[in-house]
Amino acid sequence: MNELSKQELLKINGGGISFGIGCLIVGAVIFLIGVIDGYLRPLKCNE
C-alpha cells in the first residue's frame, strides 16, 4: 500500500457536494409540488 503525498490528497474529489445539491434540488421540487397542490386543492383538516 502506498502513502499519498499532500498534493495527491488535495486532488481527490469526494463527490459529497454534488450529492447534496441533487438532494436540495429534489427537495425543492417536492416542496413546490406540495405548495401548488395545496393551493389548487385545499383540503380541510379532519377533526
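Start with the whole chain and switch on a surface: the accessible area comes to about 5,100 Å², and carbon and sulfur atoms own 67% of that. Keep in mind that you're looking at a predicted model. Now zoom out and line up the principal axes. The C-alpha atoms fill a box of roughly 65 × 20 × 15 Å. If you color by burial, there's nothing to light up, since buried residues make up 0% of the 47 residues; the cut-off for buried is under 20% relative accessible area, which is why partly covered residues don't make the list.

Switch to cartoon next. You'll find 2 helices and 0 strands.

**Stop one: helix α2.** Select residues 16-40, the stretch that makes up α2. Put a distance label between its end C-alpha atoms and you should read 36 Å. For 25 residues at 1.5 Å a residue, the expected span is also 36 Å, so the two agree. As for cover, α2 has hardly any: the count of buried residues among its 25 is 0.

**Stop two: G16.** This residue sits in α2. G16 counts as exposed because its relative accessibility is 53%, and the bar for exposed is over 50%. While you're here, draw a C-alpha to C-alpha distance from G16 to V26: they are 10 residues apart in sequence and 15 Å apart in space.

**Stop three: the nonpolar patch.** Which residues form a nonpolar patch on the surface? Select F31, L32, V35, I36, Y39 and L40 and show them as sticks. Together they offer about 730 Å² of accessible area. While you look at the numbering, recall that an α-helix has 3.6 residues a turn, so residues three or four places apart point the same way. Click on F31, a member of the patch that lies in α2. With 60% relative accessibility, F31 counts as exposed.

**Stop four: the salt bridge.** Select R41 and D37. Their side chains meet in a salt bridge, with 2.8 Å from N to O. The count for the model is 1 salt bridge, so don't go hunting for others under the 4 Å cut-off. How exposed are the two partners, R41 and D37? R41 counts as exposed at 51% relative accessibility, whereas D37 is partly exposed at 34%.

**Last stop: the charges.** Select the charged side chains across the whole chain. There are 4 positive and 4 negative charges, and their mean positions lie 7 Å apart.

Methods. Residues are numbered from 1 along each chain as its sequence is written. This is a predicted model: local features need pLDDT of at least 70, side-chain atom pairs count only at pLDDT 80 or more; totals for chains, interfaces and linings use all residues. Side-chain values use heavy atoms; hydrogens and water are left out. Patches are made of residues with over 30% relative accessible area and no salt bridge: like charges are joined within 9 Å, nonpolar side chains (Val, Leu, Ile, Met, Phe, Trp, Tyr) within 5 Å. Accessible areas come from the Shrake-Rupley method with a 1.4 Å probe; for residues, only the protein chains shown count as cover. Helices (H or I, at least four residues) and strands (E, at least two) are DSSP runs, numbered from the N terminus. Buried means under 20% relative accessible area, exposed over 50%, partly exposed in between (1.4 Å probe, protein chains only). The expected span of a helix is 1.5 Å times one less than its number of residues. Lys and Arg count as positive and Asp and Glu as negative; His and the chain ends are not counted. The place of a charge is taken as NZ of Lys, CZ of Arg, CG of Asp or CD of Glu.
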